[in-house]
Each structure stands twice: as structure tokens, then as C-alpha cells.
Amino acid sequence: MGREGGAPWYILSANHGLVHPDSEIGPYDETLNRMGVARRRDWAARVTIQMDEMLPDTAEVVLFAGKRYREFLIKYLRRRFDSVRVPMEGLRIGQQLQWLKHGQN
């Protein structure tokens with residue numbers, strides 16, 4: 001598992017689903033922002049299977065993912081984990097970059 005500050009972390013990929021940060025993947029030009037609802041639902045179903053296999057049991061999960069990437073995952077995550085935090089929810093891209101730059105909690 002990738003670790004930052006001792007916590008495991010993963011990447012959500014429109015093409016590959018849940019990706020371990022040490023995995024090497026080839027370039028692709030796909031984003032959930034350009035996918036229709038049915039494809040996003042299918043993607044989320046695949047990702048929930050990957051999460052069941054790869055994510056450890058823990059009390060909390062923190063998402064640094066855009067709205068389209070979390071929209072069909074959030075119910076699953078709230079059922080599985082005691083706490084689901086989305087620290088940058090509602091922030092525009094410039095605000096998100098500032099948040100990341102300054103390490104806000």
C-alpha cells in the first residue's frame with residue numbers, strides 16, 4: 001500500500017479504477033468528467049469491488065477526489081467506514097490547489 005504519513009492511500013483512475021501508487025500504468029486520455037452516467041455507475045461498481053479487495057479495514061477514509069469520481073462511491077464508503085471525509089468538497093480548483101499547497105486539515 002502507498003503510505004503518506006503512515007496511512008495507506010490509492011489513486012482513482014478513470015481507466016484503471018483503484019490504483020496502487022507504486023503501480024506503473026501507461027498514459028490514457030479518459031476522465032469521468034466526459035463519461036455518461038451509465039459508464040460512471042459501471043466504473044464505480046468496478047471500483048467498489050477493487051476497494052473490497054484492496055482497502056484495509058479502518059474507521060475513516062479521506063477522499064481527495066472530484067465530484068464525478070466520488071458520486072457513486074460515497075454510499076458504499078459510508079456503509080463500509082465509520083467516517084468519510086472530503087476535505088476539499090465545494091472548493092473550486094484554485095481553492096483546492098491552495099488547500100493542497102498549504103496543507104489545510
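Me: Why does Arg70 count as buried?

Reply: This is a predicted model, and in it Arg70 has a relative accessibility of 12%. Buried means under 20%, so at 12% Arg70 gets that label.

Me: And Glu89, what makes that one exposed?

Reply: Here the relative accessible area is 52%. The cut-off for exposed is over 50%, so Glu89 passes.

Me: How do you know that Arg70 and Glu89 form a salt bridge?

Reply: Look at the distance from N to O between their side chains, which is 3.6 Å. A salt bridge needs a side-chain nitrogen of Lys or Arg within 4 Å of a carboxyl oxygen of Asp or Glu, so this pair fits. The two partners sit in distant parts of the chain, 19 residues apart: Arg70 is in helix H2, while Glu89 is in the loop between strand S6 (83–85) and helix H4 (93–102). In general, side chains of opposite charge can pair when their charged atoms come close.

Me: How many salt bridges are there by this rule?

Reply: The count is seven. One of them joins Asp57 and Arg80, at 3.5 Å from N to O. That pair also links distant parts of the chain: Asp57 lies in the loop between helix H1 (37–54) and S5, and Arg80 lies in helix H3 (residues 74–80), 23 residues away. Asp52 joins Asp57 and Arg80 in a network of salt bridges.

Me: Which label fits Asp57: buried or exposed?

Reply: Asp57 has 75% relative accessibility. That is over 50%, so Asp57 is exposed. Arg80 has 22%, which lies between the two cut-offs of 20% and 50%, so Arg80 is partly exposed.

Me: What makes the Arg39 and Glu30 pair a salt bridge?

Reply: Their side chains meet at 2.4 Å, N to O. The limit is 4 Å, so they qualify. Arg39 at 47% and Glu30 at 24% both fall between 20% and 50%, so each one is called partly exposed.

Me: How do you know that the span of H1 agrees with what a helix should have?

Reply: With 18 residues at 1.5 Å a residue, H1 should span 26 Å. Its end C-alpha atoms are 25 Å apart, so the two values agree.

Me: Which residues of H1 are buried?

Reply: Arg40, Trp43, Ala44, Val47, Thr48, Gln50 and Met51. They cover an arc of only 165 degrees around the axis, so they lie on the same side of H1. Ala38, Asp42, Asp52 and Glu53 are exposed on the other side. Among the elements covering the buried residues are strand S3 (11–13), strand S4 (17–19), H2 and H3.

Me: Why is Arg40 called buried?

Reply: Its relative accessible area is 6%, under the 20% cut-off, so the label holds. Leaving out residues up to four places away in sequence, Arg40 touches Leu32, Met35, Arg68, Glu71 and Phe72.

Me: What makes the nonpolar surface patch?

Reply: Phe64, Ile93, Leu97 and Leu100 do, and the patch comes to about 450 Å². Phe64 belongs to the loop between strand S5 (60–62) and helix H2 (67–70). Gly66 is in the loop between S5 and H2 too.

Me: Why is Gly66 called partly exposed?

Reply: Gly66 has 39% relative accessibility, between 20% and 50%, so partly exposed is the right term.

Conventions:
Residues are numbered from 1 along each chain as its sequence is written. This is a predicted model: local features need pLDDT of at least 70, side-chain atom pairs count only at pLDDT 80 or more; totals for chains, interfaces and linings use all residues. Side-chain values use heavy atoms; hydrogens and water are left out. Patches are made of residues with over 30% relative accessible area and no salt bridge: like charges are joined within 9 Å, nonpolar side chains (Val, Leu, Ile, Met, Phe, Trp, Tyr) within 5 Å. Accessible areas come from the Shrake-Rupley method with a 1.4 Å probe; for residues, only the protein chains shown count as cover. Helices (H or I, at least four residues) and strands (E, at least two) are DSSP runs, numbered from the N terminus. Buried means under 20% relative accessible area, exposed over 50%, partly exposed in between (1.4 Å probe, protein chains only). The expected span of a helix is 1.5 Å times one less than its number of residues. The arc is that of the directions from the helix axis to the C-beta atoms. Contact means heavy atoms within 4.5 Å.
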